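Please work through the exercises below with the sequence and the model open side by side. Each task is followed by a solution in steps.

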Amino acid sequence: MLTSLKVVVGISGSIAAYKAALLVRFLIKAGHEVRVVMTPAATEFISPLTLSTLSRNQVYLDVISEDSWNNHVEVGLWADLMIVAPATANTVSKMANGLCDNMLLAVYLSAKCPVWVAPAMDLDMWQHPATQNNIRVLKTFPSCRVLSVGTGELASGLEGPGRMMEPFEIMEEIGQWVHQKSELNGVKALVTAGPTREYIDPVRFLGNPSTGKMGVAIANSLAERGANVSLVLGPGHVHDILDGIDLIRVESAQEMYEAAKKNFPEVQLSVFAAAVADYKPAEKSDEKSKKTEGEINLKLVRTPDIALELGRMKEDGQVNIGFALETGSGIEAAQDKLSRKNFNFIVLNSLKDEGAGFQNDTNKVTILDDRGNTTTFPLKEKIHVANDIVEYYLKHYS
Ligand code: C5P
């Protein structure tokens with residue numbers, strides 16, 4: 001039997017709702033606890049009585065029912081996993097946009113656990129740019145995972161993609177996920193992420209447009225697999241960072257270096273994903289500098305190269321992973337950094353590739369390792385790029 005999980009199954013109004021009954025039955029047979037929440041439309045396709053019987057629990061239908069209030073927050077927090085199956089175009093759209101007009105959506109917005117979405121809809125609805133856009137949005141949420149749709153005969157009579165993933169396949173996905181969750185149990189990891197700011201005076205700084213999304217996605221991916229993660233994150237946007245990650249906020253390269261150095265001796269794995277400023281002003285003015293006519297000269301001095309310094313401290317049993325953001329193909333530059341900074345492997349991304357680099361939700365990377373292997377991955381959401389990097393580590397270096 002699998003580890004026993006607490007699973008919320010969310011059912012929306014599709015003909016595929018009958019498959020949810022089978023999913024609930026499989027979950028119960030596998031030893032999991034199940035609570036079902038249905039949208040009003042779902043009850044037109046399958047009876048709540050069927051689902052309460054199969055789940056051995058009350059079925060949640062309304063936020064308010066018969067003068068009492070169903071605590072959606074409690075249901076959301078109870079779950080180890082929420083699976084919305086089937087997820088209609090309507091429910092997918094509301095989930096992507098944070099609408100909350102039924103109990104299923106209220107539970108989803110309150111849930112702290114991973115949420116899996118099993119879309120089910122007609123071919124044309126599935127292929128509509130609006131639906132595809134909503135799916136893309138859902139994929140950018142760290143806690144959300146969109147399960148693939150099957151291709152075949154649809155209820156409308158059309159043939160094509162749009163069928164809900166089969167319940168037995170969802171059970172296989174759960175099995176793999178449970179296995180993954182413990183893959184890095186007991187492993188301590190350090191991740192640097194985001195930009196740094198080097199202040200010229202109290203209101204001006206040298207910086208870069210890094211958002212930290214790539215590094216945060218790696219920290220989340222490591223934590224999802226059970227690693228004990230310290231994330232040293234530069235300034236800017238507050239991210240969706242998984243509970244349990246030790247978050248250390250810093251501003252300058254020097255602060256990032258000190259925080260990383262402090263954690264480094266304890267960790268087995270370090271990922272240097274931060275876009276660290278290489279130079280800082282030689283002097284920082286305590287007062288806002290006044291504008292004057294003509295040019296000014298700013299004297300810059302080097303900041304610590306965190307990856308290089310910690311690469312020198314690296315001992316047997318420690319693995320360091322670096323990043324190289326280049327403007328050209330960058331293979332040679334990445335190879336140089338790989339050996340100079342003592343990385344075990346380096347993740348190259350190039351601004352010449354559309355959708356790669358800073359600020360995007362996607363990235364296209366090539367991994368070069370210290371054994372001479374080069375592996376290129378297609379353009380993907382940063383969450384999936386993060387998983388590829390962590391899986392590369394697991395397969396070749398753990
Ligand atoms: O030399 P370059 O800055 O391109 O090297 C990139 C790699 O080195 C990245 O992994 C980045 O996080 C790391 N780095 C660092 N400290 C610096 C500069 C870069 O850790 N000061």
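The exercises concern a predicted model and treat its ligand, a pocket and two features of the backbone.

**Exercise 1. Surroundings of the ligand**

Task: Determine which residues come nearest to the ligand and describe the shell by class.

Solution.
Step 1. Collect the residues with a heavy atom within 4 Å of the ligand. The shell holds 13 residues, and those that come nearest are Phe272, Ala274, Ala307, Phe323 and Lys337.
Step 2. Sort the shell by class: eight residues are nonpolar, one is polar and four are charged.
Step 3. Assign the shell to secondary structure. Helix 12 (306–313) provides at least two of its residues, and strand 19 (319–326) likewise provides at least two.

**Exercise 2. Polar contacts of the ligand**

Task: Identify which protein groups lie at 2.8 Å, 3.0 Å and 3.5 Å from N or O atoms of the ligand.

Solution.
Step 1. Apply the cut-off for a polar contact, a pair of N or O atoms within 3.5 Å.
Step 2. Begin with the backbone: a polar backbone atom of Phe323 is 2.8 Å from an oxygen atom of the ligand.
Step 3. Turn to the side chains. In Lys341, a side-chain N or O atom lies 3.0 Å from an oxygen atom of the ligand. In Asp305, a side-chain N or O atom lies 3.5 Å from a nitrogen atom of the ligand.
Step 4. Consider the cover. On its own the ligand has 450 Å² of accessible area, and the protein covers 88% of this.

**Exercise 3. The pocket**

Task: State in which pocket the ligand sits, and describe the lining of that pocket.

Solution.
Step 1. Locate the ligand: it sits in the second largest pocket.
Step 2. Give the volume of the second largest pocket, which is about 720 Å³.
Step 3. Examine the lining of this pocket, which comprises 36 residues; Ala273, Ala274, Ala275, Val276 and Phe323 are nearest the centre.
Step 4. Name the contributing elements. Strand 11 (188–193), helix 10 (213–224), helix 12, strand 19 and helix 13 (331–340) each give two or more residues to the lining.
Step 5. Classify the lining: 16 residues are nonpolar, 12 are polar and eight are charged.

**Exercise 4. Backbone geometry**

Task: Decide whether the peptide bond from Ala85 to Pro86 is cis or trans, and whether the phi of Arg56 is positive or negative.

Solution.
Step 1. Recall the general expectation: most peptide bonds are trans, and most residues other than glycine have a negative phi.
Step 2. Read omega between Ala85 and Pro86. The value is near -5°, and the bond is cis. Pro86 belongs to strand 6 (residues 81–87).
Step 3. Read phi at Arg56. The angle is positive, about 60°, although Arg56 is not a glycine. Arg56 is located in the loop between helix 3 (48–55) and strand 3 (59–60).

How values were computed: Residues are numbered from 1 along each chain as its sequence is written. This is a predicted model: local features need pLDDT of at least 70, side-chain atom pairs count only at pLDDT 80 or more; totals for chains, interfaces and linings use all residues. Side-chain values use heavy atoms; hydrogens and water are left out. A polar contact is a pair of N or O atoms within 3.5 Å; within protein, one must be able to donate a hydrogen and the other to accept it, and residues adjacent in sequence count only if both atoms are side-chain atoms. Accessible areas come from the Shrake-Rupley method with a 1.4 Å probe; for residues, only the protein chains shown count as cover. On a 1 Å grid over the protein atoms alone, a cavity is a set of points where a 1.4 Å probe fits but cannot get out, and a pocket is an open set with protein on both sides within 12 Å along at least five of seven lines; lining residues have an atom within 4 Å of a point. A molecule sits in a cavity or pocket if more than half of its atoms lie within 2 Å of its grid points. Helices (H or I, at least four residues) and strands (E, at least two) are DSSP runs, numbered from the N terminus. Ala, Val, Leu, Ile, Met, Phe, Trp, Tyr, Cys and Pro count as nonpolar, Asp, Glu, Lys and Arg as charged, and the others, Gly among them, as polar. Grid points are joined across faces, edges and corners, and a volume is the space filled by probe spheres set on the points.
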